[in-house]
Amino acid sequence: MGENEIWIPILFTLMPIIITLGYFLMAAYIRKYENIERMAIIDKGLSPDLFKKERNTSGALRASMLLVGAGLGLLIGYSLDRAFDMEEVAYFSMIFIFGGLGLGLAYLIEERKSRNEK
């Protein structure tokens, strides 16, 4: 091994540790300056209600409906494959069809929820 080749396994071993440490340092840095910003806004006499965040559950709803639709698509695709010997075509088409139906259903649920809030 050459003089520089010894560093490759060392760097690949340390890379996850360095990335994790960098992530946590970045999160701490962002949190520190968010707190400083909040304190400055409060010092100016503005309402602390600006910091309250609304929980948005639409992403979780969309993801869950997509996964439920994909699961149903796999199940229906397996049934079609066994019944008509369709192979991969049944799986992919049913995953896309039922996944799309799940996303459409999530959209309808979100729309109904937003209308009821108004």
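# Exercises on a predicted helical model

Just after helix H2, Asp85 adopts a positive phi of about 50 degrees. The exercises below concern a predicted model.

## Exercise 1. The loop between H2 and H3

Determine where Asp85 and Glu87 lie, what sign their phi angles have, and whether each residue is buried, partly exposed or exposed.

*Solution.*

Step 1. Locate the residues. Asp85 belongs to the loop that joins H2 to helix H3, the latter covering residues 88–117. Glu87 is in the loop between H2 and H3 as well.

Step 2. Read the backbone angles. Phi of Asp85 is near 50 degrees, which is positive although the residue is not glycine. For Glu87, phi is near 60 degrees, again a positive value in a non-glycine residue.

Step 3. Classify the accessibility. Residues over 50% relative accessible area count as exposed, and those between 20% and 50% as partly exposed. Asp85 has a relative accessibility of 59% and is therefore exposed. Glu87, at 44%, is therefore partly exposed.

## Exercise 2. Helix lengths

Compare the end-to-end span of H1, H2 and H3 with the span expected at 1.5 Å a residue.

*Solution.*

Step 1. Begin with H1, residues 7–43. This helix has 37 residues, and its first and last C-alpha atoms are 51 Å apart, close to the expected 54 Å.

Step 2. Look for a bend in H1. A kink of about 40 degrees is found at Leu14, shortly before the proline Pro16.

Step 3. Continue with H2. Its 27 residues should span 39 Å at 1.5 Å a residue, and the end C-alpha atoms are 38 Å apart, so the two values agree.

Step 4. Finish with H3. This helix has 30 residues and reaches 44 Å from first to last C-alpha, close to the expected 44 Å.

Step 5. Inspect the residue that follows H1. Just after H1, Gly45 has a positive phi of about 95 degrees.

## Exercise 3. The packing of H2 and H3

Describe how H2 and H3 are arranged relative to each other, and identify the buried residues of each helix.

*Solution.*

Step 1. Choose the descriptors. A pair of packed helices is described by the angle between the two axes and by the distance between them.

Step 2. Apply them. The axes of H2 and H3 come within 7 Å and cross at roughly 150 degrees.

Step 3. Assign the orientation. Angles over 145 degrees count as roughly antiparallel. H2 and H3 are therefore roughly antiparallel to each other.

Step 4. Assign the handedness. The crossing of H2 past H3 is right-handed.

Step 5. List the buried residues. In H2 they are Ser58, Met65, Gly69, Ala70, Gly73, Gly77 and Asp81. In H3 they are Ala90, Met94, Gly99, Gly102, Ala106 and Glu110.

Step 6. Identify what covers them. The cover over the buried residues of H2 includes H3, and the buried residues of H3 pack against H2.

## Exercise 4. Two residues of H2

Establish the accessibility class of Gly69 and of Leu74, and name the residues that each touches beyond four places away in sequence.

*Solution.*

Step 1. Place both residues. Gly69 is part of helix H2, and Leu74 is found in H2, which covers residues 58–84.

Step 2. Classify Gly69. Its relative accessible area is 6%, so Gly69 is buried, the cut-off for that class being under 20%.

Step 3. Classify Leu74. Its relative accessibility is 43%, so Leu74 is partly exposed.

Step 4. Name the contacts. With residues up to four places away in sequence left out, Gly69 touches Phe98 and Gly99. With the same exclusion, Leu74 touches Tyr91 and Ile95.

## Exercise 5. Sequence separation and distance in space

For the pairs Leu50 and Arg38, Leu74 and Ser58, and Ser93 and Trp7, state the separation in sequence and the C-alpha distance.

*Solution.*

Step 1. Take Leu50, in the loop between H1 and H2. Leu50 is exposed, with 58% relative accessible area. Twelve residues in sequence and 9.2 Å in space separate Leu50 from Arg38.

Step 2. Take Leu74. Leu74 and Ser58 are 16 residues apart in sequence, and their C-alpha atoms are 24 Å apart.

Step 3. Take Ser93, which lies in helix H3. Ser93 is partly exposed, at 26% relative accessible area. From Ser93 to Trp7 the separation is 86 residues in sequence and 48 Å between C-alpha atoms.

Note on methods:
Residues numbered from 1 in each chain as written. Predicted model: local features only at pLDDT ≥ 70, side-chain atom pairs only at ≥ 80, totals over all residues. Heavy atoms only, no water. Helix = DSSP H or I, 4+ residues; strand = E, 2+ residues; numbered from the N terminus. Buried < 20%, exposed > 50% of the residue type's maximum accessible area, 1.4 Å probe, protein only. Contact = heavy atoms within 4.5 Å. Expected span 1.5 Å × (residues − 1). Bend = angle between axes of the 7 residues up to and from the residue. Axes fitted to C-alpha atoms, helices over the stretch in contact; angles between N-to-C directions. Parallel < 35°, antiparallel > 145°, perpendicular 65-115°, else oblique. Left-handed = near helix turned anticlockwise from the far one by under 90°.
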